[in-house]
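Biologist: I am new to this structure and would like a close look at a single part of it. Please take one strand, explain your terms as you go, and then follow the sheet outward to its surroundings.

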Amino acid sequence: MAGFRWAQTMAFAINEINRNPSILPNVTLGYNLHDNCYSLGVAFRAALSMVSGREEQFTLDESCVGSPPVLGIVGDDSSTNSIAISSILGLYRVPMVSHYATCSCLSDRNKFPSFFRTVPSGAFQVRAMLQIMRWFRWTWAGMLFTDDAYGLDAARSFQSVLAQSGLGCLAYVEVLPWDNDPAELQRIVTLMKTSTARVVIAFVYGIHMFNLLEEVVKQNVTGLQWISDNGWTTDNNFQTPHFMPYLAGTLGVAVRRGEIAGLKDFLLKIHPDNDTDNRHENTIVRQFWENTFGCKFAPLPSGWVGAGGGVCTGQEDLGTAETTLLDVSELRIEYNVYKAVYAVAHALHDMLQCVPGRGPFTGHRCASLQTIQPWQLIYYLEKINFTTSIGDHVSFDENGDPIPIYDVMNWGWLPDGSTEVHNVGVVKKSASGDDKLILDEDRIFWNVAFTKAPRSVCSESCSPGTRVARRKGEPVCCFDCISCSEGEISNETDSTECTTCPEDFWSSPQRDHCVPKSMEFLSYHEALGISLTTISLLGTFTCAIVMGIFIYHRSTPMVRANNSELSFLLLLSLKLCFLCSLLFIGRPKLWTCQLRHAAFGISFVLCVSCILVKTMVVLAVFKASKPGGADIMKWFGAMQQRGTVLVLTFIQAIICTAWLVSASPTPHKNTQYHSDKIVYECAVGSTVGFAVLLGYIGLLALLSFLLAFMARNLPDNFNEAKFITFSMLIFCAVWIAFVPAYISSPGKYADVVEVFAILASSFGLLVPLFGPKCYNILLRPERNTKKSIMGR
């Protein structure tokens with residue numbers, strides 16, 4: 001029935017053109033119809049017979065006898081047939097305009113130079129179906145196709161475009177058998193049933209789809225979302241209660257629907273008694289009439305019984321017959337036939353409008369109606385540009401393809417239980433050259449298994465903060481989501497890799513953005529910083545109290561006997577030692593980094609120098625008390641003591657100055673200790689300078705310890721050398737332990753170790769040297785006498 005209506009649409013278009021004075025005036029178009037019987041051989045022979053002039057001769061009028069000139073062929077509807085026919089017609093440059101052959105291979109101008117079509121190429125159909133998948137974010141689908149030129153080309157094209165676009169993957173690709181092979185169909189449907197892909201794309205013919213659906217019904221495979229090609233999207237043979245529970249919700253592409261005014265009236269005039277001069281068309285009409293009314297024209301076949309009463313009388317009323325022939329509400333392929341006929345007519349019309357001397361051919365010649373050659377018509381076909389009665393623009397591109405556009409159709413149930421395939425959108429090429437899908441989701445009917453658009457993915461999308469990890473041996477759409485490592489982020493869905501944060505930043509807990517790294521340093525606001533600050537101030541306050549006690553009791557023998565001037569200077573230096581520890585607490589700044597070690601080094605050298613001089617004075621006094629030792633004290637007078645302390649301290653000042661000038665300590669953001677935080681510390685600048693500073697202090701401390709150790713047993717009742725020995729032992733032990741602890745401590749804890757060493761060594765000097773004296777001065781005043789101190 002479909003082929004018959006296409007033929008009648010062609011006849012209608014030619015009759016309409018012949019009656020239209022504005023196109024091909026004084027020229028009458030004729031036509032010859034052939035039924036290809038769905039056979040390549042029949043179609044091929046028919047085409048060759050027409051273009052070779054071997055058609056049966058018949059009289060058109062008194063002055064025109066013989067085979068009519070065939071300038072072009074409208075058809076074939078099959079891609080396979082069109083490929084075979086056009087490959088031969090192309091050799092002779094005979095134009096062929098197809099209304100339904102969609103194989104993208106036919107766009108190859110080198111192989112098919114004379115082929116045109118009014119249906120979009122299969123390549124655009126593939127892109128249109130991909131647009132639907134992209135719209136609903138379906139990335140996991142199965143594909144079925146028939147084993148012919150159309151199916152193979154569509155499958156290859158779909159797989160290629162899908163891979164290039166990265167829009168999704170195919171869970172399976174299956175070829176439907178040409179014959180009804182139950183075992184193969186059962187295997188395919190079982191695969192569809194067990195697959196996780198909910199979307200099925202089908203590039204198939206109706207007969208193959210019918211066989212497949214019978215097996216789908218048999219296995220009760222529901223919950224599939226079908227995407228149909230334009231071959232069966234509008235095929236009402238599947239819109240039955242038997243199939244619709246499985247096909248409801250189908251989305252498909254269909255060739256653009258058009259309207260042809262007057263076609264229905266033309267179809268109603270079909271009658272077996274018309275066109276009696278055209279035996280072939282009359283035979284086709286008689287077959288249609290017999291099939292429609294269930295009768296037979298005489299003579300009747302032996303034993304034949306018809307449903308319509310037997311013999312066809314020709315009086316049957318076609319207007320009351322139950323036939324799809326008269327349904328002109330969905331003119332899609334027919335509209336393409338209509339445009340194909342008009343394309344040839346417009347090309348012929350443009351050719352006849354050629355002005356002699358301005359023609360496109362050699363010598364600016366024009367083609368004449370009497371000597372026209374088919375290849376001349378191709379020139380004008382390539383340049384046609386007209387608009388149909390309903391406003392559709394018709395032209396061909398350099399490949400002979402039309403302006404691509406497809407309707408998007410949806411299969412659904414109506415409230416009364418009937419079925420409907422209705423338009424829900426359109427896919428067309430935009431002005432920019434990109435494919436554009438316009439879809440009205442509110443009008444889409446989904447299968448009863450879904451309340452909305454189903455999901456069909458192999459793996460759910462990876463959220464920001466994770467990356468895609470491909471599964472080995474599986475399609476790229478199947479993957480696992482791996483959380484980004486620390487210090488790395490991904491801020492996009494389905495990111496294939498994680499990005500490392502800049503040096504001063506770290507990944508958020510969700511790994512979806514970078515945040516500034518926390519700054520770590522020994523702060524006044526944390527418990528450790530507060531504790532060390534408190535101890536430092538306590539030591540400073542203690543030094544002040546001891547100094548006050550010594551000032552108040554400065555005239556007593558115990559204060560005077562212990563070299564009060566050096567004692568006051570020692571207390572001052574200890575106070576500076578306690579205070580310099582505060583420079584190690586708080587946010588490092590340039591001036592604190594430069595001052596902390598200089599203050600520390602000079603303060604401790606001043607302190608140790610005082611102790612060294614006091615020890616030397618103790619030894620000198622003992623030597624002077626022996627016979628012949630009176631002259632030794634002239635080397636340890638007050639001036640010499642002050643000068644020695646000043647010189648020893650000045651040497652440390654020179655060391656600190658050289659260090660600061662050559663390689664000054666500076667604030668430094670260290671990212672090596674912790675990956676998620678920045679340790680803000682003072683870089684020493686010159687390790688050599690720092691080592692010399694500590695070494696000088698250690699040298700003076702070791703010398704003081706040795707001298708005090710030598711004087712520890714001197715016969716004084718209150719021998720200060722004993723306390724100096726003990727205090728220097730503590731001092732040396734603290735700083736010997738400091739070196740490995742400082743080197744192995746990361747970040748702010750290096751500052752903690754250094755502050756602790758400063759405080760511990762300062763208290764180690766303060767308590768042994770001044771604790772017993774304060775005890776005797778305040779609590780045992782009887783010992784604070786010259787007799788008690790000098791007693792044996």
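Modeller: What follows begins with one strand and its sheet, and then turns to salt bridges and a surface patch.

This is a predicted model, in which local features need pLDDT of at least 70 and side-chain atom pairs count only at pLDDT 80 or more, while totals for chains, interfaces and linings use all residues. Residues are numbered from 1 along each chain as its sequence is written, and side-chain values use heavy atoms, with hydrogens and water left out.

The strand I have chosen is β8, residues 199–203; helices (H or I, at least four residues) and strands (E, at least two) are DSSP runs, numbered from the N terminus. Five of the five residues of β8 are buried, where buried means under 20% relative accessible area, exposed means over 50%, and partly exposed lies in between, with a 1.4 Å probe and protein chains only. In a regular strand the side chains alternate between the two faces of the sheet. Here V199, I201 and F203 point one way from β8, whereas V200 and A202 point the other way, and all are buried.

On one pairing, β8 runs parallel to strand β6 (residues 140–146), to which five bridges join it, and two strands count as paired if DSSP finds at least two bridges between them. Within that pairing, L144 has A202 of β8 as its bridge partner. Four bridges also join β8 to strand β9 (residues 225–228), again in parallel, and there A202 stands opposite S228. Between β8 and β9 the chain passes through helix α7 (residues 206–219), making a right-handed β-α-β crossover; right-handed means that, with the strands pointing away from the viewer, the path from the first strand over the helix to the second runs clockwise.

These strands belong to an open sheet of eight, in the order β7-β6-β8-β9-β10-β15-β16-β17, with mixed pairing. At the edges stand β7 (169–176) and β17 (435–439), each with a single partner strand, so one side of each has no neighbour in the sheet. The partner of β7 is β6, which pairs with β7 in the parallel sense over seven bridges, and G142 stands opposite Y172 of β7.

Beyond the strand pairing, the structure holds 19 salt bridges, each being a side-chain nitrogen of Lys or Arg within 4 Å of a carboxyl oxygen of Asp or Glu. In one of them the side chains of D401 and R117 meet at 2.7 Å, N to O. This pair links distant parts of the chain, 284 residues apart, with D401 in the loop between β14 (393–395) and β15 (405–413) and R117 in strand β5 (residues 115–117). Both D401 and R117 are buried. Another salt bridge brings together R332 and E330 at 2.8 Å, N to O; R332 is buried, with a relative accessible area of 4%, whereas E330 is partly exposed, at 36%.

Finally, L537, L572, L576 and L579 make a nonpolar surface patch of about 310 Å². Patches are made of residues with over 30% relative accessible area and no salt bridge, with like charges joined within 9 Å and nonpolar side chains (Val, Leu, Ile, Met, Phe, Trp, Tyr) within 5 Å, and accessible areas come from the Shrake-Rupley method with a 1.4 Å probe, where for residues only the protein chains shown count as cover. Helix α15 (residues 564–580) gives the most to this patch, with three residues, while L537 lies in helix α13 (residues 527–552) and counts as partly exposed because its relative accessibility is 44%.
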